[in-house]
Amino acid sequence: MKKNIILLALFLVYLVSCGGGSSSTTAISTTSTTSDGSSIANGTGEAGTYTFSSSNLSNSTVYLVANNENFSSYSVGSSVTIKNENTTSTLNSTTTANTTENNKPPKILDIGGKLNKDIPDIEKSNSSTISKSIKSASSLTVGSSSEEFYTYVTNQSTESDTLTTVTAILMAQNTGDRTINVWVANDYTSEITEDEAQDIADSFYNSSDTDNSIYSLITNIYGEEWGDTGYSSLISATDTIDILLTPLNTTYPSDDGYVVGYFYNVDTYKNYSNSNQRNIFYIDAALYSKTANTGYDDYYYNACYSTLAHEFTHMVVWYQKIIKALGLKTSPEIWLNEMMAMISEDLIDDKIKINGVTGEVEGSKDRIPYFNYYYNYYPTICTSSFGLGNYAVNGVLGLYLTRAYCRDNLDVLKSIMTNTGTGYDSIEIATGDSFETVIENFGKALILSGDSTISTEKLNINTSFSVTDGNYSYAFENINIFDTGSYYYTLRNVFNTIKGSGNLYKKIKSSSDSTNSWSIEIPVDNMPFQLIVLNSDGSFNSSLSSELNDSITKS
């Protein structure tokens, strides 16, 4: 959740345009590039100096995508220098496109790290008894029943969470296979009406409209959120889910982003201090009531609805993966946990209803502008200090995985939830591919996303499709990170850096410049790179990509 990222190591990559190759070189064996991009060369991945050139690149754009496959190092920097002043200014530019409120880059966080950091010891939690009276759903009265809750409020500037208590009023309740209670903190009962609270309840679970209910769509894929755990320290099987709308941030407005919601697994412990002893997650009342004065109040209001899906997925991860699959012995790394939650946003964003209307929520696709403008060099793996950049990278990685591996069914997502992997091994188990292959294809697919004709599924994310699973249908929109009509920012090279488990996207030639030969210094092993040539319309030029890749030599 924290914004600052710990820097663990620094490597340097030097890239210069040059007039010719080295006097002593070794040709790199490559497979000719096919029309679908599946055989784009990766170089050798070994440290050393590489040169490559082509005299046929007029009007073409060339991208170098480097993959840092040193997964144990989460921060590997690189400095790429091109000795051409005009080229340099072109390569570091970006397009600012749609400037309407709902297309501004989001600053959305949650306190997802709590689930990863705090798995209370079962024996310790058994050692004391904390009595908390939980009223049955049938005994509650909308508009008058009140409860006291433990909550956490986040100060983004000091990166700290403070425990507090709030008294809340039950403002809505839906029943059926599940009972959904929506509570509103006392201070906001004049800002959030019963009708607005009811809309939250209806969007999350409505027994008469399960096709568009967040609860039904997510549990259909991942399984139920709670059941008999076999642990006496955990709450019993229950069909009740509570949603509390309360302030989650100390400062409004804030330049450091907002916690829009969170789930805290400790709430499911019976004998643990500060536990609310129920299945509950939290949504920020100030953002939902549009009283936070963010300047983008409609955007954050809509984001509260996609956050219902996000936080509910954390609840499901706690039960299905951590308790059932992992036996409470460990938990998924925070990047995997957050990526799964963002995948849920994407799975159902077209079904989420706001005031009875669908199509108002973009879910994790709202992470693309921040990825494009700020954070595309970030690592995909992160085990601590999860901030805006990590949300951006892992949100986009999740968009890639669904479009690369879910064309026919959603089995990959089900496997990630239920297999015993806790990091990139979970992705490998689910996809059958090495994580090296996944991030290499991820990098290719993003640069090729301007071309909808790529035939290889694992490289074409610029396609729309739908998948039926059981009684439910899931629609996936096409992704084109260069689309100026959809995203506030299109792709740019932010810093000349690459971090462990991350990709570096470097435009080494624009369509208007004449550079045609390069030298690149790879400082460490396990850092393959790819050269991709695009036509002026953004489509993939297979023949020139093949020619350029085939020209690679290593000193």
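Mentor: Before we start, one yardstick: a residue is buried under 20% relative accessible area, exposed over 50%, and partly exposed in between. Keep in mind too that this is a predicted model.

Trainee: Got it. How many aromatic pairs are there by the ring-pairing rule?

Mentor: Rings pair if their centres lie within 6.5 Å. Going by that rule, the aromatic pairs come to 37.

Trainee: Let's take Tyr252 and Tyr258, then. Is this aromatic pair stacked or edge-to-face?

Mentor: The two ring centres are 6.2 Å apart, with 10 degrees between the planes. Planes under 30 degrees apart count as stacked, and over 60 as edge-to-face. That makes the pair of Tyr252 and Tyr258 stacked.

Trainee: Is Tyr252 buried, partly exposed or exposed?

Mentor: Its relative accessible area is 23%. The partly exposed range runs between 20% and 50%, so Tyr252 is partly exposed.

Trainee: And its partner Tyr258, buried or exposed?

Mentor: Tyr258 has a relative accessibility of 2%. Anything under 20% falls in one class, so Tyr258 counts as buried.

Trainee: How do the rings of Tyr377 and Tyr378 meet, stacked or edge-to-face?

Mentor: Here the centres are 5.1 Å apart and the planes differ by 75 degrees. Over 60 degrees is the cut-off to look at. The pair of Tyr377 and Tyr378 is therefore edge-to-face.

Trainee: Are Tyr377 and Tyr378 buried or exposed?

Mentor: Tyr377 sits at 10% relative accessibility, and Tyr378 has 8%. With the limit at 20%, Tyr377 and Tyr378 both count as buried.

Trainee: Which charged end sits over the ring of Tyr378?

Mentor: Tyr378 belongs to a cluster linked by ring pairs, together with Tyr370, Tyr373, Tyr374, Tyr375, Tyr377 and Tyr489. At 4.3 Å from the centre of the Tyr378 ring there is also a charge, and it comes from Lys499.

Trainee: Over to α5. Why is this helix largely enclosed by the rest of the structure?

Mentor: Helix α5 covers residues 214–222. Among its buried residues are Ile214, Leu217 and Tyr222. The helix is largely enclosed because, of its 9 residues, the number buried is 8.

Trainee: Which residue just after α5 takes a positive phi?

Mentor: Look just past the end of the helix. The phi there is about 100 degrees, and the residue is Gly223.

Trainee: Now Ser54. Which residue's side chain makes a polar contact with the side chain of Ser54?

Mentor: Ser54 lies in the loop between β3 (48–53) and β4 (61–67), and at 5% relative accessibility it counts as buried. Leaving out residues up to four places away in sequence, Ser54 touches Asn516, Glu547 and Leu548. The polar contact, at 2.6 Å, is with Glu547.

Trainee: How many disulfides does the structure hold?

Mentor: A disulfide needs two cysteine sulfur atoms within 2.5 Å. Two cysteines to look at are Cys382, buried at 6% relative accessible area, and Cys406, buried at 0%. The number of disulfides in the structure is 0.

Trainee: Last one: what separates the C-alpha atoms of Thr167 and Phe149?

Mentor: Thr167 is in strand β7 (residues 160–174) and is partly exposed at 31%. Residues it touches include Glu148 and Val184. Thr167 and Phe149 are 18 residues apart along the chain, and their C-alpha atoms are separated by 6.3 Å.

Terms used
Residues are numbered from 1 along each chain as its sequence is written. This is a predicted model: local features need pLDDT of at least 70, side-chain atom pairs count only at pLDDT 80 or more; totals for chains, interfaces and linings use all residues. Side-chain values use heavy atoms; hydrogens and water are left out. Buried means under 20% relative accessible area, exposed over 50%, partly exposed in between (1.4 Å probe, protein chains only). Helices (H or I, at least four residues) and strands (E, at least two) are DSSP runs, numbered from the N terminus. Rings of Phe, Tyr and Trp (its six-membered ring) pair if their centres lie within 6.5 Å; planes under 30 degrees apart count as stacked, over 60 as edge-to-face and the rest as tilted. A charge sits over a ring if NZ of Lys or CZ of Arg is within 6 Å of the ring centre and within 35 degrees of the ring normal. A polar contact is a pair of N or O atoms within 3.5 Å; within protein, one must be able to donate a hydrogen and the other to accept it, and residues adjacent in sequence count only if both atoms are side-chain atoms. Contact means heavy atoms within 4.5 Å.
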